[in-house]
Amino acid sequence: MIKDNLKSILDRLPSGVTLVAVSKFHPVDSIMEAYNAGQRTFGESRPQEFEKKVPQLPSDIRWHFIGHLQTNKLKMVLPYVSMVESVDTVHLLDEIEKWGRANSKVTDVLLEMHLGAEDTKQGLYEEEILDLLFRADSYKYVRFRGLMGMASHTDDMSIVRADFERIEDYMAYLKDLFPEYEDFDQLSIGMSDDYPIAIECGATIVRVGTAIFGPRQY
Ligand SMILES: *Cc1c(COP(=O)(O)O)cnc(C)c1O
């Protein structure tokens, strides 16, 4: 089942696009099923759950943290992740830098860009992202890898596409403006319902949970 789901998604991904299997709320057994089918990159969004699962799973898994990260939970997450996709405040970035200095670990991050109309949605505004990149050299323990975005929560795929096109355009603008940041090349957009659209909009990372593991068991 999980194996078949993975295969049908991977068949639709162009080469060079990374599939993050989002395993939040799914048991270790399900993760192992995906692992045994060859999947190595997984995404989790809750520090407590993540901390419990990590020691039960193979050490060659590349973990992406994709959820809201409170700064008092950094030590539960940062030692084990290959990327934090969900940097949504300057404060969080500063704390990742501090933790990295104290622990001699450089963390790859994506800046989560605010998309959609709802005021509650998390993410950095375009001006904040620009501001950060202008002083990216002052961060020694953070490697800026690109942007992450969550489309508006709607069934209207024309709105989703417009959100993805906005972040795609902004990514292109930043790459143009900062050609010296060669590592800044990742665009993480697209989930179970909209990853095919995300691919058309230049996604290099898609984050898929339900379409691999089925509905989450809350
Ligand atoms: C849960 C989650 C996903 C996966 O969502 P699905 O609809 O189950 O594919 C992707 N990205 C983030 C940030 C998530 O929290």
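**The ligand site and Ser23**

In this predicted model, the ligand is surrounded by Val22, Lys24, Ile66, Met150, Met191, Ser192, Arg207, Val208, Gly209, Thr210 and Arg216.

Me: What makes the approach of the Lys24 side chain to the ligand a polar contact?

Reply: An N or O atom in the side chain of Lys24 is 2.6 Å from an oxygen atom of the ligand, and since a pair of N or O atoms within 3.5 Å is what the term requires, the pair qualifies. For Arg216 the corresponding distance to a ligand oxygen atom is 2.7 Å, and a polar side-chain atom of Ser192 lies 2.5 Å from a ligand oxygen atom. Taken alone the ligand exposes 380 Å², of which the protein buries 90%.

Me: Why is Ser23 called buried or exposed?

Reply: Ser23, placed in the loop between strand S1 (18-22) and helix H2 (28-36), has a relative accessible area of 0%, and because buried means under 20%, Ser23 is called buried.

Me: With which side chain does the side chain of Ser23 make a polar contact?

Reply: The partner is the side chain of Glu44, at 2.6 Å, and among the other residues in contact with Ser23, leaving aside neighbours within four places in sequence, are Phe42, Gly43 and Trp63.

Me: How do you know that strands S2 and S3 pair?

Reply: Pairing requires at least two bridges, and S2 (residues 41-44) and S3 (residues 62-65) have four, in the parallel sense, with His64 in S3 as the bridge partner of Gly43. Together with helix H3 (residues 47-53), S2 and S3 make a right-handed β-α-β unit.

Notes. Residues are numbered from 1 along each chain as its sequence is written. This is a predicted model: local features need pLDDT of at least 70, side-chain atom pairs count only at pLDDT 80 or more; totals for chains, interfaces and linings use all residues. Side-chain values use heavy atoms; hydrogens and water are left out. Helices (H or I, at least four residues) and strands (E, at least two) are DSSP runs, numbered from the N terminus. Buried means under 20% relative accessible area, exposed over 50%, partly exposed in between (1.4 Å probe, protein chains only). A polar contact is a pair of N or O atoms within 3.5 Å; within protein, one must be able to donate a hydrogen and the other to accept it, and residues adjacent in sequence count only if both atoms are side-chain atoms. Contact means heavy atoms within 4.5 Å. A crossover is right-handed if, with the strands pointing away from the viewer, the path from the first strand over the helix to the second runs clockwise. A residue is near a molecule or strand if one of its heavy atoms lies within 4 Å of it. Accessible areas come from the Shrake-Rupley method with a 1.4 Å probe; for residues, only the protein chains shown count as cover.
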